[in-house]
Structure formats: C-alpha cells, structure tokens
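Trainee: Please take me through a close look at one part of this structure, the helix packing, and connect it to the local details that a careful reader would want to check.

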Amino acid sequence: MAIAFEEAKVTVPSVLSAKGERKLTMLTAYDYTFARLADAAGVDMLLVGDSLGMVVQGADNTLAVTMDEMVYHTRLVCRGRERALVVGDMPFLSYQVSPTDAVMNAGRFIKEAGCEAVKLEGGVHMAETIDRLVSIDIPVVGHIGLTPQSVHRMGGHKVQGKRAGDAPGSRARLLKDAKAVEQAGAFALVIEGVPADLATEITDTVSIPTIGIGAGVGCDGQVLVMHDVLGLEQRFSPRFAKRYGELGAAAVSAMSAFVCEVREQSFPTPAHSFSSPRPVKRKRAS
Ligand code: KIV
C-alpha cells in the first residue's frame, strides 16, 4: 500500500517543526540502491547506521566499524536520495576521545560524504561534544538508552531504563541524558530499547523530536534497521522489529532459479543472446 507523503525536501528545520504535528520516519540505509528505494517510499530520514558492522559486515557488534567505512557508505546513500535527510552515524572512537576529534570526523561526514547531519551515542557526557558540533553548524541527532557502542558495559544489547538510582542506563539518568542532549543543541534524539512509558515521558519532556526503536508508540517518530523491515536478516530479528517483507527468502528463491536454469541450460535463451552480423552479399559486377 503506497501512502501520500510530503514531497518537500526534508531539512533540519522541517524535522524540528514536525514535533507534535506528524510522525517522523527513519530507516537505515547503507548503499545507493536501497537509499533510492527508501527515498521513493517517502522515508523522512536515512540513517547510515554503524549497524552496518552487523548487517552488512556480519560482525557481532558495531565496535569495529571505521570512519573510512562510514564515509564510504554515507557517500553511496547520499547519491541515492532526493528528498530524505541523510544522517551519518559516528562510529566508536570517532568522537569519544575529544571534541576536536569529533569536529574533524563529523566534518568528514558533511564534507566528504555529503550528508546533512551526524548521530552520536551518549547523554550527559557527550553534551560538550554535541555543543561543539552544533556551534559550527553541524546538526546532531543524539542517541540514548540501549546504545550499541556500550555493549560491554551493558553486558549485551539489553533494554535500559528499568533500574532505579543514577547509574548509566537507569531511569533517572536517561531522563538527565535526554535533557542534556536537548540543551546541547541536538535537533532530534534517538531513544533505543527503553520501556515505552519512559520513552513517552522523555518525549513529553524535551522540545526536540524523539525517534524510537524498541521504545513504544509514544515517540515522535520511529526508526528501524532496513534489513529487519525487509526481512533480509536471516540470522536474528529483534523482538521490537517488524518484518514488513520477506526479501531474504525472495532473493534465495530468485538466485536458486538462476542456478537451476543455468544447470539445465534453459538460460540464456536466444532473447538474452546476441548474434553475429549477417555477412553482406556483394552484387557481382557485370
Ligand atoms: O546504527 C544504527 O542502525 C542505529 C539505529 C539502530 C538507531 O543506531
């Protein structure tokens, strides 16, 4: 089912003004082909997520993804979109060492890849870094809750915000993290893997749009990993992700049909082949 969507180019101000007006959509994308398809489907924001470490590179977590890899994939995505806003995801250690590093690496996303914004994980402790980026007009999306770059602290990709107290990942800390990200100047906030009531409370507390993943329906928008939505990921599908298609199965079926036809020599047919030009008959001289 195709639905009508706003045609105008999505921009940072239009994302900000969507809060309370309409729900925002974000999908991950990692290359030109799928960026084009998502753009044609009317997705508002394309996130070149460091989840590419898992769904494209086959790793168990996102930690090994490099800046060069992110810049490369973000450039491909930018080539494929017309309307959507493209957000480059800052990989592990590209922004944690110092705000100066963050500026250099976020600048690479904007300058070399051509995207319009960057995303980084963390709350209170990343406020200074977000502030530095925003002060030089690099728009930032924050990311709190289940932050995959903290996988070892969390002991796995586990739901956050269930505990009391003020430790990282606790309910009170996540509320502080959200406020810190907003006050530092981020224009949107991804909330991942937290109880729905907490995500709703955060959404009601901050003035910037929240984009939820595994965070319930109360957020201002939703983000999912493209491979989950399309049913491309065969190994594992998180509980919060909905498979809207089974393209993985469709791809295996198309490729096995190719294998069969080549083996039984029913492909290529003459319609898929070229013939040599016919020899031109010369008229005999009389
Ligand atoms: O890397 C990613 O794909 C993400 C989303 C899950 C929000 O950070």
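Mentor: Helices here are DSSP runs of H or I with at least four residues, numbered from the N terminus. With that in hand, and keeping in mind that this is a predicted model, we can place S14 in helix α1, which covers residues 12-17. S14 is partly exposed, because its relative accessible area is 26%, and its C-alpha atom is separated by 10.0 Å from that of L85, a residue 71 positions away along the chain.

Before the packing itself, some context on the whole chain is useful. The chain has 11 helices and 8 strands, and its C-alpha trace spans about 100 × 40 × 40 Å along the principal axes. Of its 286 residues, 47% are buried, and if one takes the contacts between residues at least 6 apart in sequence, 57% of them join residues at least 24 apart.

Now to the helix pairs, beginning with helix α2 (residues 32-40) and helix α4 (residues 67-80), whose axes come within 7 Å and cross at roughly 40 degrees. That angle makes α2 oblique to α4, since the roughly parallel class is kept for angles under 35 degrees. The crossing of α2 past α4 is right-handed. On the α2 side the contact involves Y32, A35, R36 and D39, and on the α4 side these meet L76, V77, R79 and G80. Sorted by class, the residues of this contact of α2 with α4 comprise 4 nonpolar, 1 polar and 3 charged.

The second pair is helix α6 (residues 127-135) with helix α8 (residues 171-184), which pack at an angle of about 20 degrees with their axes 8 Å apart. The angle therefore makes α6 roughly parallel to α8, and α6 passes α8 in a right-handed crossing. Here A127, I130, D131 and V134 of α6 meet A180, V181 and A184 of α8. The class make-up of this contact of α6 with α8 is 6 nonpolar residues, no polar ones and 1 charged residue.

Helix α8 also takes part in a third pair, for its axis and that of helix α9 (residues 196-205) come within 10 Å and cross at roughly 30 degrees. Because of that angle, α8 counts as roughly parallel to α9, and the passage of α8 over α9 is again a right-handed crossing. From α8 the contributing residues are R171, L174, L175, A178 and K179, while α9 brings D197, L198, E201, I202 and T205 to the contact. This contact of α8 with α9 divides by class into 5 nonpolar, 1 polar and 4 charged residues.

Returning to α4, whose residues are 67-80, a reader may ask about the cysteines, and a search of the whole structure finds 0 disulfides. C78 is in no disulfide, and the nearest cysteine sulfur, that of C115, is 5.4 Å away. Seen from C115, the closest cysteine sulfur is the one in C78 at 5.4 Å, which is too far for a bond, because a disulfide requires sulfur atoms within 2.5 Å. Both residues fall under the 20% limit for burial, since C78 has a relative accessible area of 13% and C115 one of 4%.

A few backbone details lie outside these helix pairs and deserve a careful check. L93 has a phi near 75 degrees, a positive value in a residue other than glycine, and its place is in the loop between β3 (85-89) and α5 (99-113). At 48% relative accessibility, L93 counts as partly exposed. Q265, in the segment after α11, likewise has a positive phi in a residue other than glycine, near 60 degrees. Q265 is exposed because its relative accessible area is 70%. Further on, a cis peptide bond with omega of about 0 degrees joins F267 and P268, and P268 also belongs to the segment after α11, a helix of residues 247-263.

Conventions
Residues numbered from 1 in each chain as written. Predicted model: local features only at pLDDT ≥ 70, side-chain atom pairs only at ≥ 80, totals over all residues. Heavy atoms only, no water. Helix = DSSP H or I, 4+ residues; strand = E, 2+ residues; numbered from the N terminus. Buried < 20%, exposed > 50% of the residue type's maximum accessible area, 1.4 Å probe, protein only. Axes fitted to C-alpha atoms, helices over the stretch in contact; angles between N-to-C directions. Parallel < 35°, antiparallel > 145°, perpendicular 65-115°, else oblique. Left-handed = near helix turned anticlockwise from the far one by under 90°. Contact = heavy atoms within 4.5 Å. Nonpolar A, V, L, I, M, F, W, Y, C, P; charged D, E, K, R; others polar.
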